[in-house]
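Thank you all for making the time this morning. I would like to walk you through one structure, and I will take it slowly for those who are new to it.

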Amino acid sequence: MSDDILGKLKQAILDYDPDAATDWARKSVEAGIKPTDTLAAMTDAIREIGEGFSSGELFLPDLVGAADAMTAAVPVVEAEIQRTGATAVTTGTVVIGTVFGDIHTIGKTMVATLLQAEGFTVHDSGINVTAEQFVEDVRTHKPDILAMSALMTMTAPEQRKVVETLKEQGLRDSVKIMVGGGAITQEFADSIGADGYDPTAPGAAKLARTLVGK
Amino acid sequence: MEFKRGFTRRFPPLKVLTDEQVQAIHRGTLRVLWTTGVLIEHERALKLFEQNGCKVDYDNYRVRIPPDLVEECLRKAPSSFPAPARDPSRTLMLGGNTLCLAVAPGHKTVDDHTWEPREATRKENYDAVRILDALPTVHFFSPYTPYFGFQGVPSCMAMLESLAARIRNSGKFQCVGFSNDSEMFSIEMAKSVGIEILGTCAWAPPLALYRDAVESTFRTVEAGFCLRVVGGQLMGGTSPASIAGAIVTGNAEVISGLVLAQLIRPGTRVLVKDFTAGMNMNTGAPAFGGIEIAVHNTACSQMFQHYGIPIDQTTAYPNSKSPDYQSAMEKAFRVMSAGLSGGNTMLFHGSVHGELTHHPLQAILDDDMAGMMGRYMEGVDVSTDALALDLIEKVGPVPGHFMSAKHTREWWKKEQYVPNTSDRMTYPEWMTSGKKTCIDYARQRMEDLISTHKPIPVTDSQEAEIERVLEKARAHYLKNGLITEDEMREYRASMQSPNYPYE
């Protein structure tokens, strides 16, 4: 029974179907399945998609479609985790966003999805995020990693500003910082004191695991 | 080849849409503008739209534009207009059956042996502008060109240093972008040296126009300059994956920008640019070299001929990393489709890989491809002299020939485009002369142009004005914190050469 429901939930994510995923997540709660097992089944599905993407068998619309299906179902499971007081197993927590002045979303969304596939809990701060907002989100979510994207040469310096603001607020040492985007290079990442940089989305997800020691 | 004021197409444009399909896309555009609407993050613009019959949702910055206003504004914008250059012999007419090509920019330069990217120096930036000024098929300069910045320059000054370099080293028509209010200083610089510029209003797809783009629009139009409205999208990412759907969203963007320009100042000269590319579904990056862009652009040309508005095509960026077969294949389809379909402008010369790298060597190779396209667009002269019936009668069958005829001496140079960089040798000649490729010929031409080309100089008073506006901008950005004290020290140090501003 439990395997059947979790199998259907996993399949709904593999079918990019947010309605079915939400429905089967709800049924898993009704059937009394441990919410951490439900979450693990969903992570399995997104990992499978992530592996297909990394090997070139699946493409960006598949990755984002599956992530949307999972995102739709997650609140149902999170509510049950909270209600039962269960502890979710996670690789780590990431706050991610595109810096102020920059409204490019695709690269940031890819990395966020692949981080989910690696088992991270991801808080997406969105695009055009000010340094103050990043600091606020770090304070609120206490992430292991802050990930920032900047696609344009003009907006890359904003990443430096976020790092400096975190220092001023005494939060810099509480979080690892990784940066990426078309305008960023390893040299730039080093110059602003970031902990990591990777030019590709799959590489960024692997880098995040390294940064949290997993 | 001499500089021409664009290439003139002497035959009907290629069409890929039926009249019914043109109408279907137009109706779709009107529906999106009126039903879906667009996001415009600017109070003054919202009020202007509301005063002219648009539905405005101030809380969500959403503007819905009625069809009759769209049609009225499309009629008000001129179907062709002059683009005056500092050197009057370089002044262009944008629109009609003319294709004008411009520089395709890059963030950085490349090493022209390893093809790896690196930041350009001040001298490389100025030399590249000089080479581009010399190339006859570069009709004008686009923003950020040739490089998005160069060593020592803080990023907020890149746009203005770029314009300064282009005014100093070229007499051709100039286009500017916007970043952190840079257009205020671009406009001041242009006015103070007595030139016109093409300003920019760039959309954030899908369907959003942010505050800085609207500011640039107001400032450009109120200065009396012409405006380039850029919609830009990745099909499947920021627009529908279908070409027709992408044209509808792109149309909705650029037409909304055109409407805004006409509401600010009726009759404003507008060049629209539907900057669309497929998305690389492996990486999310633009698939700039894709043939689908050429198909999309051909259809867009047709739509804007229907509207009677000049259109700039998607920049001819290749995905290749060096000037190789892939690069030539990607660029050739794009410039060919622009020339055949009635595109009016295209950023073409010098991009090595996407918008990330540019090199004058590549621009020299592109100059030949552009020249070949220009020749194609000239079409076939079928005059009595060209038909040459009397000559054919005189020469007759073999052993007659045409080599000694005066007609041949007069006509072959009209009909043939002779490339500067193509290898046309026989095998024996090629093997005994170093097996040179087009890259070798381009390198030689690059060295020749660097040592010989002298752009039309700016006057002392123009130079003083350029430097005054640059200093004003530097002070502005230092004051508002976009340049730090450390960055300013480094910037000043980069200006110590006795040959400043040229190196």
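I will begin with chain A, then turn to the contact between the chains, and end with chain B.

Before that, a word on conventions: what you see is a predicted model, in which local features need pLDDT of at least 70 and side-chain atom pairs count only at pLDDT 80 or more, while totals for chains, interfaces and linings use all residues. Residues are numbered from 1 along each chain as its sequence is written, and chains are lettered from A and ligands numbered from 1 in the order in which they are written.

Chain A is assigned domain 1 (2-84) and domain 2 (92-211), the bounds coming from an automatic or database domain assignment. The C-alpha centres of these two domains of chain A lie 26 Å apart. Where they meet, 11 residues of domain 1 of chain A are in contact with 8 residues of domain 2 of chain A, contact being defined as C-beta atoms, placed from the backbone, that lie within 7 Å. On the domain 1 side, helix 3 (35-54) and helix 4 of chain A each supply at least two residues, and the largest share, 6 residues, comes from helix 3 of chain A. Helices here are DSSP runs of H or I with at least four residues, and strands are runs of E with at least two, numbered from the N terminus.

Let us look next at the start of chain A, where the axes of helix 1 (residues 2-14) and helix 2 (residues 18-30) come within 8 Å and cross at roughly 160 degrees. Axes are lines fitted to C-alpha atoms, for helices over the stretch in contact, with angles running from 0 to 180 degrees between N-to-C directions. Helix 1 and helix 2 of chain A are therefore roughly antiparallel to each other, since angles over 145 degrees count as such, under 35 as roughly parallel, 65 to 115 as roughly perpendicular and the rest as oblique. Among the residues that make this contact are I5(A) and L9(A) of helix 1 of chain A, and W24(A) of helix 2 of chain A.

How are the strands of chain A ordered in the open sheet? The sheet has 5 strands in the order 2-1-3-4-5, with parallel pairing, where two strands pair if DSSP finds at least two bridges between them. The edge strands are strand 2 (120-129) and strand 5 (196-197) of chain A, each of which pairs on one side only. Strand 1 (residues 92-99) and strand 2 of chain A pair over 7 bridges, and T93(A) has T121(A) of strand 2 as its bridge partner. Helix 6 (residues 131-141) of chain A packs on the sheet, touching strand 1, strand 2 and strand 3 (145-149), and its direction makes about 160 degrees with that of strand 2. Helix 7 (residues 157-168) of chain A lies across strand 1, strand 3 and strand 4 (176-180), at about 135 degrees to strand 1.

Turning to the contact between the chains, 11 residues come from chain A and 13 residues from chain B. Helix 5 of chain A gives the most to the chain A side, with 3 residues.

Finally, chain B is divided into domain 1 (7-16 + 75-378) and domain 2 (388-452), whose C-alpha centres lie 32 Å apart. Their contact takes 12 residues from domain 1 of chain B and 13 residues from domain 2 of chain B, and helix 11 of chain B gives the largest share of the domain 1 side, 8 residues.

Conventions. Contact = placed C-beta atoms within 7 Å.
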